[in-house]
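Grab your viewer and work through a few exercises. Try each task before you read its solution.

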Amino acid sequence: PMEHRHVQRQPVRFPVSFSGDLIDGDGVVINLTTSGCGVRTAKKVMGRSYVHVLLHLPHEDKPMKVELAAIRWADGQVFGLEFIRIGIEQQRRLREYLNFLERKVTQ
């Protein structure tokens, strides 16, 4: 079935780490929006749990912190995160990175 999304997901590839009550590990972000991302990991992930997330954006020294994210779905080694709580400065960094990606695509 086709998924209907409000926001176009940008294909990306950069490291991510996540930790919560039920799981912690790392992986690679494979797509990104202002409200969430897709992650590929070697871990077996169960949906419906909550994690803290560090996005290691390319060309940035400090990881971008998502204080609270929900694992909305998991399929084998790929899962989808929804960003629930993220600071204003982190939101700005995320928007700037996504704007940079969109400009790169349209050039």
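The exercises below are about a predicted model.

**Exercise 1. Trace the strand order of the closed barrel and say how the helix sits against the sheet.**

Step 1: Follow the pairing around. The closed barrel has six strands in the order β1-β2-β3-β6-β5-β4, with antiparallel pairing. From one strand to the next, the twist averages 45 degrees.

Step 2: Add the helix. α1 packs on the sheet and touches β1, β2, β5 and β6. The direction of α1 makes about 155 degrees with that of β1.

Step 3: Count bridges along some of the seams. β1 and β2 are joined antiparallel by eight bridges, and in this pairing Phe18 has Gly25 of β2 as its bridge partner. Six bridges hold β4 (residues 49-55) antiparallel to β5 (residues 64-75), with Leu54 partnered by Lys65 in β5. Between β5 and β6 there are seven bridges, again antiparallel, and Leu68 sits opposite Arg85 of β6.

Step 4: Look at the turn from β5 to β6. This hairpin has two residues between the strands, and Gly76 takes a positive phi near 65 degrees.

**Exercise 2. Find the aromatic pairs and work out the geometry of Phe18 with Phe79.**

Step 1: Search everything. The whole structure yields three aromatic pairs.

Step 2: Classify the pair of Phe18 and Phe79. The ring centres are 5.3 Å apart and the planes make 80 degrees. Planes over 60 degrees apart count as edge-to-face, so that is the label for Phe18 and Phe79.

Step 3: Place the two rings in the chain. Phe18 belongs to β1 (residues 10-20) and Phe79 to β6 (residues 78-85), so to speak distant parts of the chain, 61 residues apart. Both Phe18 and Phe79 are buried.

Step 4: Don't miss the cluster. Phe14, Tyr97 and Phe100 make up one aromatic cluster.

**Exercise 3. Is Val66 buried or exposed, and what does Val66 touch?**

Step 1: Locate Val66, which lies in strand β5.

Step 2: Check the accessibility. Val66 has 0% relative accessibility, so Val66 counts as buried.

Step 3: List the contacts, leaving aside neighbours within four places in sequence. Val66 is in contact with His52, Val53, Leu55, Phe83, Arg85 and Ile86.

Step 4: Try a distance. Val66 and Gly25 are 41 residues apart along the chain, and their C-alpha atoms are separated by 15 Å.

**Exercise 4. Which residues of the largest nonpolar core touch the most other members, and which elements give two or more residues to this core?**

Step 1: Pick out the hubs. The largest nonpolar core has 26 residues, and Leu32, Val53, Leu55 and Leu81 touch the most other members.

Step 2: Map the core onto the fold. The elements giving two or more residues are β1, β2 (24-32), β3 (36-41), β4, β5, β6 and α1.

Step 3: Zoom in on one hub. Beyond four places in sequence, Val53 is in contact with residues including Val16, Phe18, Met64, Val66 and Leu81.

**Exercise 5. Is Arg93 buried or exposed, and which side chain makes a polar contact with the side chain of Arg93?**

Step 1: Find Arg93 in helix α1 (residues 88-106).

Step 2: Apply the cut-off. Buried means under 20% relative accessible area, and Arg93 has 9%, so Arg93 counts as buried.

Step 3: Look for the polar partner. The side chains of Arg93 and Glu60 make a polar contact at 2.4 Å.

Step 4: Fill in the surroundings. Not counting residues up to four places away in sequence, Arg93 touches Glu60, Lys62, Pro63 and Met64.

How values were computed
Residues are numbered from 1 along each chain as its sequence is written. This is a predicted model: local features need pLDDT of at least 70, side-chain atom pairs count only at pLDDT 80 or more; totals for chains, interfaces and linings use all residues. Side-chain values use heavy atoms; hydrogens and water are left out. Rings of Phe, Tyr and Trp (its six-membered ring) pair if their centres lie within 6.5 Å; planes under 30 degrees apart count as stacked, over 60 as edge-to-face and the rest as tilted. Helices (H or I, at least four residues) and strands (E, at least two) are DSSP runs, numbered from the N terminus. Buried means under 20% relative accessible area, exposed over 50%, partly exposed in between (1.4 Å probe, protein chains only). Two strands pair if DSSP finds at least two bridges between them. A polar contact is a pair of N or O atoms within 3.5 Å; within protein, one must be able to donate a hydrogen and the other to accept it, and residues adjacent in sequence count only if both atoms are side-chain atoms. Contact means heavy atoms within 4.5 Å. A nonpolar core is a set of buried Ala, Val, Leu, Ile, Met, Phe, Trp, Tyr and Cys residues joined through side-chain atoms within 4.5 Å. Axes are lines fitted to C-alpha atoms, for helices over the stretch in contact, and angles run from 0 to 180 degrees between N-to-C directions.
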